[in-house]
Amino acid sequence: MSRKKVKELPQGAIETEALPELPADDEPQYPTVLQGVKNNMAKFDNCVLLTRVGNFYEMYFEQAEEFGPLLSLKVGYRQTKMGPVAMAGFPFFQLDRFLKTLVQDLQKYVAICDEFLISVSDKVKSGGLKHDRWVTRVVTPGTLIDEKFLDPYENNFLLSVHPESSSNSERPLPSHNDVQTDSTTDTEQIVGLAWLDLSTGDFFTQTVARSSLSSALTRIAPREIVLPADIVEDIKDEVQQIVGHDHRLLTLHQSEDDFTTMLEWNGMLEGPVDPNADEIFKLAEKQAGHQLLDYVKLRLQGLQLRLQPPRRKELHEILSIDRSSLRGLEILETARDGLGRGSLFHAVKRTVTKSGSRLLRDRLTSPSASLPEINERLDLVSMFFESEELTESVIFRLRRTYDVQRIVQKFALNKGDADDMLSLATAISETVSTRDLLQSSVSTDESPLRRLLLRFDLEGPVELQTSIFSAIDEEGLQQKHRLEEDEAASVAALAHDVVLQSAPEELDSLPKAVRSRSKSEEPNKDDIVLEEPWIMRRNASDILLRLHQDLDDLEGEKLALAERLRTELSAPTLTLKSTPGLGYICHIRSATGFNRAKLESLHARMVSSSKSTRSFYLSDWTRLGRRIDQAILNIRDEEKRIFASLRQGVILNLVKLRRNAAVMDELDVASAFATLAREQSWIRPTVNTGTEHKIIGGRHPMVKLGLEEQGRSFVSNNLVLDHEERIWLVTGPNMGGKSTFLRQNALLTILAQTGSYVPATHAEIGLVDQIFSRIGAADDLFRDQSTFMVEMLETAAILKHATPRSFVIMDEVGRGTTPEDGTAVGYASLHHLYHINKCRTLFATHFHALTDMTGDWKQLACYCTDVLESDDGSFAFVHRLKKGINRQSHALKVAKLAGLPPAALKVAEDILQHISSERSNLQRNATQNQENNQTSSIAAAG
Ligand code: ADP
């Protein structure tokens, strides 16, 4: 794991000479490139090193041997004075593909060492230019910027976790023990979190209680987690378990210096932090932020960062969903296969943009706990719900925008190309058109749109859009892409044969401007000269126009010169060429009958001749050729300058562009919810400040879809939790729909506080602060612990943290142990929830004794599902809940459905008969005097 300090590492452009561990002169050495590789491998010792050599990225030495086969690359050997050196490589344009395998699939850190052509003063020796290489970036799962395999629909978060430490003296050092345990302190330890997405520039912080850490990790779902190297073992173990389970990466990192003030972060932000930030943010989250930025600096090797100023996620503003609910309720992925399909996110996603879909994800995992915010979101959905036409028009525009958040971030990190620039301009113009459309449809001041519209800030961006459109030549750009594809194809073909036989240095590329004039070292047989098209319009600047006119004039001169030579030499096939290998040559293709005497009088210097062709130098063409190449270089330079000024324009408008894009994302989510509601007949919930739930005709959003796919219908159910009935104790047969009922109500609550319509005919929901569930996801984070231990851990967390504003669902607590123990634990949980937590609770159980034991609890009500049997022995589940208790589990019916052998079923039936007759004898004696007013609803014994 990395413990290197930033200062120890070369930043940005370092000379190879500056690298350490260069052997003394008299030691035998590897050839330059390999020696450089050796040095980098020592320096970035926890990384796979990819070194660009010509058109290839190469791995060498033991890394070639280890990773070559994993990447399906042939491993070759290069002979050196020091013995054979293993090497394996791939063409440069496949970098993304191999990075994906290395970083995403194999979870490796990858150091990319790029190649640069630099001018050197020692012109005689090297011809003025030489290759140099240095590591430009270390790519890890959490530090992706614009890699093609970056999932566009998800944020790529890197999370830093930092327990509040006493080093900054806000908290006294524990005197006898450096690890504080829960039992020794009343106040729980605080853990600081800071997370960012390099691809969007999003940067958040939060502090959570130690016990909520795992929920936070699940909610944020980071790709990579950074912990301080000296983290206490218990936090490390817990994070490690979650990370291992979710296949994320954990990195230990020691910051170079201690945190001092947030003002120090300003250099890495697009705008300064709030001047009072140091008072607003808590120490632990500042420490986490400090560690995060320190780590990112190290990974980006000096690349200038421009993040959004950190935003605090206030815990009291979000509906917190614990880890087991996030997983068990299948909000983002299904518990069984971990796939998106079948999840709540998948079922409700109607967003049409990538960033809108990221916002939806974020909202579903951290719904709001603020009433005004929820209502504002719902108002917007209602507005779209009421006008299908408006919804369609907005969606039409949204579809034509691009992922502005990621595009602008590329520019902020000094990346991004002309295509990104055009996409950005298109997105801006669609944003303007959306704003105009909405403005014209807003009639009253109370419209929910008013405030949203005020957030658009388009003046600067529109100016930028105009300059982008008037500078970049779309057609030229398309032509350029076609050429690049051809080039890639030819390198790929080349790669096949050449990669193993020749030293890659031999494939060194020349400067593009020169190379592009001609593709081959030899005069082109077919006389096609490939010109790289310009990407800027001729009139993008006055200078550019003048430079193009200069070039036109020179091309005119060239035509005239060629024409003159053809006549003078009587050589109609004469062409003037410029090639990287040979320079400026005149070429005659069919050299029969041309004027040799004249050629001699021109003092031509022959390059090559065959029976039918002649190539020679002529000073007139050499001089003119040089001027043409210079003019081309001048144009390229001016194009670069114009591009740089457009980039500068993006940087200047960064904040506005991001803000506008955020408004568009909100419109995407709101119009998507409206579309969903119309399509599925969902209704607007009323969220209020009470602590009651009243849901009429509620449906489970995913189970319903699943049943409909099979042509079955879903039975809706009501739920009324109020001061008379705060806890519903649900019994009923296996497969009767208890679990579905519990989950659907938790999901409806989440949807409502996300700001969505809900699947019901009527819904009033008192604002919930936390949702907890004990429902047993298919597998769990504490893999090495028994089912019962997991149950108890989850139950403990609920009983410790649920408040009167919380919503709790508990499914079959005590299942993993004996019926007696299970009943005892179930009773204790109910007791605690009823008397201490006082929260809204749905509790499903097979332990029917619980219904008797809680019979006199006023605010607890019993409900049940049932089985309907017909005379012919067939049966059907009654999924509609009714008041009462169902003491029948009908487990054997399910066993029969599942295909248990008839002989085994018979034995089970006999035993069941025996046990229940014994039990009813016992019960009859014990309860003789007890009145049982629920007898009417008890299902008859089977
Ligand atoms: P339980 O928890 O009582 O064992 P589940 O909630 O797991 O039962 O439901 C079992 C199956 O019954 C579900 O997978 C679904 O196919 C069906 N089901 C559940 N609730 C309903 C309902 N309200 N309407 C129709 N089918 C339902």
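Q: Which residue of S12 is the bridge partner of Thr205?
A: In this predicted model, Arg312 is the S12 residue that forms the bridge with Thr205.

Q: What makes S9 and S12 count as paired strands?
A: The pairing of two strands requires at least two bridges between them. S9 and S12 are joined by two bridges in the parallel sense, so the requirement is met.

Q: What is the order of the open sheet that contains S12, and which kind of pairing does the sheet have?
A: The order of its six strands is S11-S10-S7-S8-S9-S12, and the pairing is mixed.

Q: Why are S11 and S12 called edge strands?
A: Strand S11 (249-253) and strand S12 (311-312) each pair on one side only.

Q: How do you know that S8 pairs with S7 and with S9, and in which sense does each pair run?
A: The cut-off for pairing is at least two bridges. S7 (residues 157-163) and S8 are joined by seven bridges and run antiparallel. S8 and S9 (residues 202-209) are joined by eight bridges and also run antiparallel. Both counts satisfy the cut-off, so S8 pairs with S7 and with S9.

Q: Which residues stand opposite each other in these two pairs?
A: Ser160 stands opposite Ala194 in S8, and Leu193 stands opposite Gln206 in S9.

Q: Why is S8 described as largely enclosed?
A: A residue counts as buried under 20% relative accessible area. Seven of the eight residues of S8 (residues 190-197) are buried, so the rest of the structure largely encloses this strand.

Q: How many residues lie between the strands of the S8 and S9 hairpin, and which one has a positive phi?
A: Four residues lie between the strands, and Gly201 in this hairpin has a positive phi near 85°.

Q: What is the order of the sheet of seven strands, and why do S13 and S27 have one side without a neighbour?
A: This open sheet has the order S13-S23-S24-S25-S21-S26-S27, with mixed pairing. Strand S13 (320-321) and strand S27 (875-883) are at its edges and each has a single partner strand, so one side of each lacks a neighbour in the sheet.

Q: How do you know that S26 pairs with S21 and with S27?
A: Again, at least two bridges are needed. S21 (residues 727-731) and S26 run parallel and are joined by five bridges. S26 (residues 860-869) and S27 pair in the antiparallel sense over six bridges. Each count meets the cut-off, so S26 pairs with S21 and with S27.

Q: Which residues are matched across the pairs made by S26?
A: Ile727 has Leu860 of S26 as its bridge partner. Asp866 has Val878 of S27 as its bridge partner, and Val867 stands opposite Phe877 in S27.

Q: Why is S26 described as largely enclosed?
A: Eight of its 10 residues are buried, so the rest of the structure largely encloses S26.

Q: Which residue in the turn of the S26 and S27 hairpin has a positive phi?
A: Gly873 has a positive phi of about 90°, in a hairpin with five residues between its strands.

Q: Why does Thr691 count as partly exposed, and where is it placed?
A: Partly exposed lies between the buried limit, under 20%, and the exposed limit, over 50%. Thr691 has 28% relative accessibility, so it counts as partly exposed. Thr691 is in the loop between strand S18 (686-688) and strand S19 (693-698).

Q: What separates the C-alpha atoms of Thr691 and Arg726?
A: The separation is 9.4 Å, although the two residues are 35 residues apart along the chain.

Q: What span does helix H23 reach, and how does that compare with expectation?
A: H23 (residues 654-680) has 27 residues and reaches 39 Å from first C-alpha to last, close to the 39 Å expected at 1.5 Å a residue.

Q: What makes H23 mostly covered, and which residue follows the helix?
A: Of its 27 residues, 20 are buried. Ser681 follows H23 and has a positive phi, near 55°.

Q: How do you know that Met735, Gly736 and Gly737 make polar contacts with the ligand?
A: A polar contact needs a pair of N or O atoms within 3.5 Å. A backbone N or O atom of Met735 is 2.7 Å from a ligand oxygen atom. The corresponding distance is 3.2 Å for Gly736 and 2.9 Å for Gly737. The protein covers 81% of the 560 Å² of accessible area that the ligand has on its own.

Q: Which residues around the ligand come nearest, and which helix gives the largest share of the shell?
A: Val715, Met735, Lys738, Ser739 and Thr740 come nearest, of 14 residues around the ligand. Helix H25 (residues 738-754) gives the largest share, three residues.

How values were computed
Residues numbered from 1 in each chain as written. Predicted model: local features only at pLDDT ≥ 70, side-chain atom pairs only at ≥ 80, totals over all residues. Heavy atoms only, no water. Buried < 20%, exposed > 50% of the residue type's maximum accessible area, 1.4 Å probe, protein only. Expected span 1.5 Å × (residues − 1). Near = heavy atom within 4 Å. Polar contact = N/O pair within 3.5 Å; in protein donor to acceptor, adjacent residues only side chain to side chain. Areas by Shrake-Rupley, 256 points an atom, 1.4 Å probe, with all protein chains shown as cover.
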